[in-house]
Amino acid sequence: MLHELLLALLGFTGDLIVDEREQRKTLGLAFNTDSPLSDECTFKLAPDISFIEPSERDLIERLIKLGFYYRELDRFAKKSRNLSWIRSVTGVHPLERADELSKQGREKKPSVYRRAIANGIGEILSVYRSAVLHIEQKLLAETTPILATVTQGLNKFFVLFPPLYEVILEIERDDIRGGQLLNVLNKRCHCGVPELRTCLQRLLWHGHQVMYNQLAAWMVYGILQDPHGEFFIKRQEDGDLDHRSSQEEISEKLARTSVHETSLTDWHSGFHISLDMLPDYISMRLGESILFAGKAIRVLRNPSPAFQFQKDKSFQQTMRGSQRIQGFMHSDFPETETELDADLTGGELLPQSEADKIEAMLKELKESSEFHKRSFECTVDSVRAIAASHLWQLVVVRADLSGHLKALKDYFLLEKGDFFQCFLEESRQLMRLPPRQSTGESDLMVPFQLAATKTIAEEDKYFSRVSLRMPSFGVTVRSSQADMARSKVSLAGKANLTSDTSVDGWDAIALEYSVDWPMQLFFTQEVLSKYLKVFQYLIRLKRTQMELEKSWASVMHQDHIESAQHRKDGINGSTSQQRRQGIRPMWRVREHMAFLIRNLQFYIQVDVIESQWKVLQTHIHDSQDFTELVGFHQEYLSALISQSFLDIGSVSRILDSIMKLCLQFCWNIESQESNPNTSELENIAEEFNKKSNSLYTILRSSKLAGSQRAPFLRRFLLRLNFNSFYEATARGVLNVVRQRPALPL
């Protein structure tokens with residue numbers, strides 16, 4: 001009886017101890033290893049046993065539960081460690097093998113984490129088997145064997161096996177895998193039984209070994225090693241992938257996608273964090289750091305082929321032009337940093353020594369017997385810092401971020417005012433007519449290239465990246481005829497930035513900036529669309545300011561010609577004097593318009609753009625972290641948009657209306673120089689005064705002037721209202737239009 005009891009403790013039943021599930025064979029319900037786990041113990045003493053005392057029966061019933069738990073745990077371990085589904089597809093074509101693996105994987109739902117937990121359970125079961133063997137030896141050595149010997153030898157397993165069985169039952173019932181499995185074990189580790197806590201921590205350690213291997217593949221080599229979708233870093237397309245697609249279709253799709261496009265897609269939207277698989281004890285911040293580190297390593301280990309070909313040459317040019325960079329940074333690069341860059345010119349973007357350092361840190365975590373959250377956080381932060389630093393070296397130093405930022409400031413923020421002044425002057429007569437659908441952009445090519453010839457120096461290597469566009473027509477006017485193989489970021493379809501109050505079709509003029517790898521990691525579509533939004537606003541403002549000046553110059557020139565002609569013909573000048581007196585109120589309105597536009601231009605170009613540019617320079621000089629640079633640049637763009645009031649609908653609409661009125665005023669004057677339409681000019685003047693005073697009223701409100709979103713707004717208001725004119729005329733103008741004297745005929 002004792003030997004049959006010992007066999008039952010190892011999961012083998014017989015005549016004395018029976019398994020109720022095996023008895024179902026008579027009903028045609030055969031038991032096999034793939035049967036689901038039982039919710040309750042099925043090992044029972046045979047009902048026809050009569051020579052056992054009730055106390056002994058209770059003791060044996062209690063002991064054989066350990067045998068049931070052992071068998072179920074052993075079944076789970078064998079099932080989870082079954083690798084036959086891998087061996088069954090060996091020796092076939094790789095595409096067919098991948099298709100077969102995915103098909104069998106969906107059927108059997110293999111799990112690397114379950115296999116690791118099964119290994120830990122196997123360790124515990126081996127200790128249990130050794131204890132049973134030791135009990136057998138003691139029973140054989142005793143002259144009078146007793147059940148107390150069995151109970152004493154297996155006493156600690158009464159504490160271990162029931163909770164472990166509950167764990168595997170929960171895993172099987174809810175199909176728990178990956179990070180969810182780690183969550184279950186971590187929660188159960190918080191118990192008051194030292195032996196049980198030690199066992200559960202050992203199982204958790206085995207699960208963490210898989211996670212550390214996945215982290216090493218991701219954070220050292222940039223490879224997502226996750227065949228069964230259990231890691232908390234996932235590919236973005238995994239959820240949308242149609243598993244019915246054949247491997248040939250997938251291969252063709254990958255073949256059509258270049259390495260360059262794949263790299264950009266991976267960086268911007270290729271991977272994401274799966275919250276379902278992210279363990280609860282790993283914060284979202286840490287998950288994002290792991291995600292960033294892996295993506296950065298992928299970028300550093302897989303540079304664009306074009307960049308690999310040109311990196312040494314471009315880097316040397318960058319170093320020769322370091323005086324310009326130093327002027328941008330307001331300081332020299334540290335000597336050690338320059339030496340490091342020089343050493344990297346012929347080497348890898350991620351030195352092997354740094355990869356070994358990351359691997360050593362993860363190996364140290366892996367070898368620890370317990371999971372220490374603080375150590376894990378420090379390691380992840382260190383790896384992220386290494387990746388961000390080398391990505392900073394790639395983007396800022398090798399790819400010349402400072403030069404690209406300066407170019408965007410020159411052309412999108414109108415820093416090169418002489419170029420845009422020349423362009424607007426050359427295209428002034430063209431813009432008086434509506435753009436032609438077939439040749440509208442081609443017509444702009446002549447003044448654009450002419451202005452470039454007059455004002456852009458040959459050494460400006462960034463001008464060739466600038467294109468002029470008319471989004472309504474969809475034809476690009478390139479600034480250079482050189483056919484450069486680079487990817488473009490098309491903005492016309494992404495940002496509909498033209499206002500409903502557009503004066504004409506030329507308000508849709510846009511710039512496009514071509515960026516190469518790896519600058520596309522920094523200058524995304526969203527970033528360039530913000531630059532475009534500011535550019536379209538500034539170019540309209542500059543065009544309005546130029547028209548106001550040109551209208552004054554044109555009319556004064558005509559007036560001087562008429563005066564000279566009158567003097568030549570001997571005609572009395574009183575008529576000319578009366579005419580000047582008659583149009584004086586009109587020029588007073590023009591001066592008010594020019595005053596507002598000039599001050600608005602000065603505010604945006606000096607108080608907003610230049611001040612924010614200095615802040616950005618300081619941040620770039622002080623930072624050596626790529627993610628910090630991205631954040632600083634986003635703050636820079638957000639400040640430009642918010643302080644220029646482009647994100648306030650009421651203000652931007654008023655400004656658009658004011659520019660529209662100014663242009664209409666100028667065109668009416670120049671088209672009717674000899675006999676101006678006073679009624680139409682009166683309407684324009686009245687509407688302008690209403691809009692300008694409404695603008696002043698809104699800007700001086702406490703929500704804007706008293707907030708931190710526009711720190712230099714008070715200076716702008718002070719310039720506008722230096723003589724209290726606006727303050728005196730703005731009262732009640734939102735609802736009451738102040739009467740103006742009629743312009744004399």
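The following legends describe close-up views of a predicted model.

**Figure 1. Overview of the predicted protein chain, with its 29 helices and 7 strands.**
Of the 745 residues in the protein chain, 49% are buried. Among contacts with a separation of 6 or more, 80% are accounted for by residues 24 or more positions apart. The protein chain has an accessible surface of about 36800 Å², and carbon and sulfur atoms contribute 51% of that area.

**Figure 2. Helix α7, residues 157-174, and the elements that cover its buried residues.**
Helix α7 has 18 residues, and the distance from its first C-alpha to its last is 25 Å, close to the 26 Å expected at 1.5 Å a residue. The buried residues of α7 include the aromatic-ring residues F157, F158, F161 and Y165, together with L160, P163, L164, V167, I168, L169, E170 and I171. An α-helix has 3.6 residues a turn, so residues three or four places apart point the same way. The cover over the buried residues of α7 includes α2 (54-80), α5 (112-141) and α6 (147-153), and also α8 (178-188) and α9 (194-221). Directly after α7 comes D175, which has a positive phi near 50°.

**Figure 3. The packing of α9 with helix α12, residues 284-301.**
Two packed helices are described by the angle between their axes and the distance between the axes. For α9 and α12 the angle is about 50° and the axes lie 6 Å apart, which makes α9 oblique to α12. On the α9 side the contact is made by L215, W218, M219, V220 and Y221, and on the α12 side by I290, L291, A293, G294, K295, I297, R298 and R301. The 28 residues of α9 should span 40 Å at 1.5 Å a residue, and the separation of 39 Å between its end C-alpha atoms agrees with this. Helix α9 is mostly covered, since 20 of its 28 residues are buried. The residue that follows α9 is G222, with a positive phi near 70°.

**Figure 4. The packing of helix α1, residues 2-9, with α5.**
The axes of α1 and α5 are 10 Å apart and form an angle of about 175°, and the two helices are therefore roughly antiparallel to each other. From α1, the residues L2, H3, L6 and L9 take part in the contact, where they meet Y128, V132, I135, E136, L139 and L140 of α5.

**Figure 5. Backbone geometry at D400, L414 and P518.**
Most residues other than glycine have a negative phi, and most peptide bonds are trans. D400, which is not a glycine, has a positive phi near 60°; D400 is located in the loop between α17 (373-398) and α18 (401-411). With a relative accessibility of 3%, D400 counts as buried. L414, also a residue other than glycine, has a positive phi of about 60°, and its place is in the loop that lies between α18 and α19 (417-426). L414 counts as buried as well, at 8% relative accessibility. The peptide bond that leads from W517 to P518 is cis, with omega near 5°, and P518 itself belongs to the loop between β7 (510-513) and α22 (525-569).

**Figure 6. The surroundings of cysteine C662.**
The search of the whole structure finds 0 disulfides. C662 is accordingly in no disulfide, and the nearest cysteine sulfur, which belongs to C666, is 6.7 Å away, whereas a disulfide would require the two sulfur atoms to be within 2.5 Å. C662 is buried, its relative accessible area being 0%. Another cysteine, C378, counts as partly exposed at 36% relative accessibility.

**Figure 7. The loop residue D48 and its separation from L16.**
D48 is found in the loop between β2 (43-45) and α2, where it counts as exposed at 61% relative accessibility. Along the chain D48 and L16 are 32 residues apart, and their C-alpha atoms are separated by 8.9 Å.

Methods. Residues numbered from 1 in each chain as written. Predicted model: local features only at pLDDT ≥ 70, side-chain atom pairs only at ≥ 80, totals over all residues. Heavy atoms only, no water. Buried < 20%, exposed > 50% of the residue type's maximum accessible area, 1.4 Å probe, protein only. Helix = DSSP H or I, 4+ residues; strand = E, 2+ residues; numbered from the N terminus. Expected span 1.5 Å × (residues − 1). Contact = heavy atoms within 4.5 Å. Areas by Shrake-Rupley, 256 points an atom, 1.4 Å probe, with all protein chains shown as cover. Axes fitted to C-alpha atoms, helices over the stretch in contact; angles between N-to-C directions. Parallel < 35°, antiparallel > 145°, perpendicular 65-115°, else oblique.
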